[in-house]
Amino acid sequence: MGSVAKEGLQKYLLQLQRHPLRTKAITAAVLSGISDTVSQKLSGIPKLQLRRILLKMLFGFAYLGPFGHYMYMLLDKIFKGKRDSKTVAKKVVLE
């Protein structure tokens, strides 16, 4: 991994550790925007629908990021820190 990418990853992980909810919300917004942009391009839409992209990003920021954050906190409480493969499979099924 290049030094720029490695440094970026370290900064991201530091933000994730210091401000987990904010970092997850912003990450979900960015990924939602990227995925909608790619889906619009692949579907052949001649002009990107910016309003749609922004709404998807808002949804990612306001719902997907926080929901995932609190969902995994709840799953960790339910399974009390177990990390074996059976527990991971149970978490995936519940998710």
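In this predicted model, Met71, Leu75, Asp76 and Phe79 of helix H3 meet Thr87, Lys90, Lys91 and Leu94 of helix H4, where contact means heavy atoms within 4.5 Å. The residues of this contact divide into four nonpolar, one polar and three charged; Ala, Val, Leu, Ile, Met, Phe, Trp, Tyr, Cys and Pro count as nonpolar, Asp, Glu, Lys and Arg as charged, and the others, Gly among them, as polar. Residues are numbered from 1 along each chain as its sequence is written. Because the model is predicted, local features need pLDDT of at least 70 and side-chain atom pairs count only at pLDDT 80 or more, while totals for chains, interfaces and linings use all residues, and side-chain values use heavy atoms, with hydrogens and water left out.

The helices named here are DSSP runs (H or I, at least four residues), numbered from the N terminus. H3 covers residues 50-79 and H4 residues 85-94, and their axes come within 11 Å and cross at roughly 135°; such axes are lines fitted to C-alpha atoms over the stretch in contact, with angles running from 0 to 180 degrees between N-to-C directions. That angle makes H3 oblique to H4, since angles under 35 degrees count as roughly parallel, over 145 as roughly antiparallel, 65 to 115 as roughly perpendicular and the rest as oblique. H3 passes H4 in a right-handed crossing, meaning that the near helix is turned clockwise from the far one by less than a right angle, whereas an anticlockwise turn would be left-handed.

Moving back along the chain, the axes of H2 and H3 come within 7 Å and cross at roughly 140°, and these two helices are therefore oblique to each other. The crossing of H2 and H3 is right-handed, and by class their contact has 13 nonpolar, eight polar and four charged residues.

One residue to follow here is Asp36, which lies in helix H2 (residues 20-43). Is Asp36 buried or exposed? At 3% relative accessibility, Asp36 counts as buried, the class for values under 20% relative accessible area, with exposed meaning over 50% and partly exposed in between (1.4 Å probe, protein chains only). The side chain of Asp36 makes a polar contact with the side chain of Gln40 at 2.8 Å; a polar contact is a pair of N or O atoms within 3.5 Å, of which, within protein, one must be able to donate a hydrogen and the other to accept it, and residues adjacent in sequence count only if both atoms are side-chain atoms. Leaving aside residues up to four places away in sequence, Asp36 touches Arg52, Ile53 and Lys56.

Lys56 belongs to helix H3 and is partly exposed, with a relative accessible area of 39%. With residues up to four places away in sequence not counted, Lys56 touches Ser32 and Asp36. The C-alpha atoms of Lys56 and Ala28 are separated by 9.7 Å, although the two residues are 28 residues apart along the chain.

Between H2 and H3 runs a loop that holds Ile45, a residue counted as partly exposed at 22% relative accessibility. Ile45 touches Gln40 and Arg52, not counting residues up to four places away in sequence.

Towards the start of the chain, the axes of helix H1 (residues 3-18) and H2 come within 5 Å and cross at roughly 125°, which makes H1 oblique to H2. Their contact is made by Tyr12, Gln15, Leu16, Gln17 and Arg18 of H1 and Pro20, Arg22, Thr23, Lys24 and Thr27 of H2.
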